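Colleague: I would like a close look at one part of this model, with the rest of the chain brought in where it helps. Please take it step by step.

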Amino acid sequence: MKITFYGAARAVTGSKHLVETSSGKRILMDCGFFQGRRKESAEKNRNFPFDPSSVSSVILSHAHIDHSGSIPTLIKKGYKGDVFTTFATRDLCNTMLQDSGHIQETDARYFNKRPYLKGLQPIEPLYTVEDAIKSMEHFRGVNFHQPFWLHRDIQAEFLVAGHVLGSALTKLTIREDDQIIKIGFTGDLGRKGLPILRDPEYFDDLDYLITESTYGDRLHDPIEDSKVQLAKAINRTVKRGGKIIIPAFSLERTQELVYDLHILTDQKEIPEIPIYIDSPLSTNITQIFKMHPECYDKETHETFTRENPFGFGKLKYTHSAEESKKLNEVRQPCVIISASGMCEAGRIRHHLRNNITDPKNTILIVGFMAENTLGRKIVEQNRFIKIFDKMYPLRAEVAVLNSFSAHADRDELLGFIKPIKNLKKVFIVHGEEGQAMALANTLREWKKFKVEVPAEGDSFDLMNNGEKIETEEIPVGKKSSNYDLK
Ligand SMILES: [Zn+2]
Ligand SMILES: [Zn+2]
């Protein structure tokens, strides 16, 4: 039995880990999209390093595109089996994969229109909205804590990961040659005390753990600070008579903000001002949150016994483009939450363009902004910001709230790993190299188990303490088929 890491290896995106048993079963954990440098990720998203039709089962940890985004491609290229995931993740994927299909179609159309490319082969979208809808036929919803069988001798179970709605830890129990091997996979690990969601659970005993390491070397501000900071930023902006513009990811961050704003309004910590959710994807996803109270924590159930946590007083979900445009005419203080999270696409760009030059307004940053994104330039407070090919002076206040994060930080990761009994080896994935290596070094100091930070394509023998399987490297320059003929 072996495991090979095909994505999110010394990087964050493209999560894909393949377990192969000696009886020929191949279990793929996650099938995520690579994001980042355009050309390189486009190539990797188009071609799998294994044959999709040879995969027996897929287990999906959660709905984020870097974990689920390549499922329609896998199916287009011949995968015939089931995609096991929680009910909430299944419903979220239905919306998010269609949105991703729509982006692929728009990108392809844009690319094919460029005049200087005339005469070249038009590119095909990676997958379409239609492909995304079709792929849903393969999804199988499974409850948390309900062991299910993938094949004879291979059992799986989902535990709560507390990262986003529906996110799961996976425990695989595989019998081979009268030996039982237990493998745990964190997917993305959440944090205790996040609004709405239940806290992450723990693995009891495992032979191998595959853990994320997004913040393997960083500590977050306490979660409790987020609500206080949010109220402060809103109150000082309202005093100036300005608007609060919040770029937020459609999944989880938007609903957390709505949840916190609901509580702050009820407690009269902020004045009753209009709050607009201006993103069709965010609105659709919020509907799915309402459908899955089984994922809420006790506090959410107690605070909102009868009420809908995602609808109150002056909160409005805008739908049409016209409604969105009308927000420009609002003169009084208000909060506008819009996507995309890093300001690279979507309606948020219009709101930034209309509000960034007024010192009364606040741009409130509540999420991670990757290098080279519009959001990052705002965080870095560049004097001029380019939006839709035009430069605008940045005069609005920029406030950054670091306490909102859906990933465990270093100490939370260590606290999660420590209680696991019988571990032989920990594989560290889903982190930039610096973060992953730092976490590996800390774990090695415990001297309790072996630690590995696999590179893309590395395989390990799970029947032999997770030892690396050395593949014969073909020396550079001897790869051409001509060489064999000489
Ligand atoms: Zn995630
Ligand atoms: Zn992730």
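How are the donor residues of the zinc ion (ligand 1) spaced in sequence?

Modeller: This is a predicted model. The donor residues of the zinc ion (ligand 1) follow the spacing H-x1-H-x98-H-x24-D in sequence. Those letters stand for His62, His64, His163 and Asp188, which coordinate the zinc ion (ligand 1) at 2.1 to 2.3 Å. The donor atoms are NE2 of His62, ND1 of His64, NE2 of His163 and an OD atom of Asp188. The angles among the 4 donor atoms run from 91 to 161 degrees, and the site is irregular. Four donors would count as tetrahedral if all angles lay between 85 and 135 degrees. His62 sits in the loop between strand S4 (57–59) and H2, and His163 in the loop between strand S8 (154–160) and strand S9 (168–176), so this pair ties together parts that are 101 residues apart in sequence. His62 is buried, and His163 is buried too.

The zinc ion (ligand 1) has a partner. The zinc ion (ligand 2) lies 3.4 Å from the zinc ion (ligand 1), and Asp188 coordinates both. Around the zinc ion (ligand 2) the donors are Asp66 (OD), His67 (NE2), Asp188 (OD) and His430 (NE2), at 2.1 to 2.5 Å. In sequence these donor residues are spaced D-H-x120-D-x241-H. The arrangement at the zinc ion (ligand 2) is irregular because its 4 donor atoms subtend angles of 89 to 166 degrees. Here Asp66 and Asp188 link distant parts of the chain, 122 residues apart: Asp66 belongs to helix H2 (residues 65–68), and Asp188 to the loop between strand S10 (179–185) and strand S11 (208–211). Both Asp66 and Asp188 are buried.

His163 leads on to the cavity. The structure holds 1 cavity of 30 Å³ or more, and the volume of the largest cavity is about 70 Å³. Its lining includes His163 together with Val160, Gly162, Val164, Gly166 and Ser167. The other lining residues of the largest cavity are Phe144, Leu197, Arg198 and Cys295. By class, the lining of the largest cavity has 5 nonpolar, 4 polar and 1 charged residues. His163 is thus both a donor to the zinc ion (ligand 1) and a lining residue of the largest cavity.

The second largest pocket is a separate item. It holds about 210 Å³ of space. Among its lining residues are Gly193, Leu194 and Pro195. Ile223, Glu224, Ser226, Lys227, Tyr259, Asp260, Ile263, Asp297 and Glu299 also line the second largest pocket. Helix H6 (224–240) and helix H7 (253–266) each give at least two residues to this lining. The lining of the second largest pocket splits into 5 nonpolar, 2 polar and 5 charged residues.

Cysteines come next. The structure holds 0 disulfides. Cys334 is in no disulfide, and the nearest cysteine sulfur, that of Cys343, is 17 Å away. Cys343 is likewise in no disulfide, with the sulfur of Cys334 as the nearest cysteine sulfur, 17 Å away. A disulfide would need the sulfur atoms within 2.5 Å. Cys334 counts as buried because its relative accessibility is 0%. Cys343 is buried as well, with a relative accessible area of 0%.

Some backbone details remain. The peptide bond from Ala339 to Ser340 is cis, with omega near 10 degrees. Ser340 is in the loop between strand S15 (335–338) and helix H11 (348–355). His145, a residue other than glycine, has a positive phi near 65 degrees. The place of His145 is the loop between strand S6 (139–142) and strand S7 (148–151), and His145 is partly exposed at a relative accessible area of 37%. Gln381, also not a glycine, has a positive phi near 55 degrees. Gln381 lies in the loop between helix H12 (374–379) and strand S17 (384–387). With a relative accessible area of 47%, Gln381 is partly exposed.

To return to the metal site: Asp188 bridges the zinc ion (ligand 2) and the zinc ion (ligand 1), and Asp188 is buried.

Conventions:
Residues numbered from 1 in each chain as written. Chains lettered and ligands numbered in written order. Predicted model: local features only at pLDDT ≥ 70, side-chain atom pairs only at ≥ 80, totals over all residues. Heavy atoms only, no water. Donors = N, O, S within 2.8 Å, 3.2 Å for Na, K, Ca; no water. Tetrahedral: all angles 85-135°; square planar, octahedral: opposite > 155°, others 65-115°. Helix = DSSP H or I, 4+ residues; strand = E, 2+ residues; numbered from the N terminus. Buried < 20%, exposed > 50% of the residue type's maximum accessible area, 1.4 Å probe, protein only. 1 Å grid on protein atoms, 1.4 Å probe; cavity = no way out; pocket = protein on both sides within 12 Å on 5 of 7 lines; lining within 4 Å. Points joined across faces, edges and corners; volume = space filled by probe spheres on them. Nonpolar A, V, L, I, M, F, W, Y, C, P; charged D, E, K, R; others polar.
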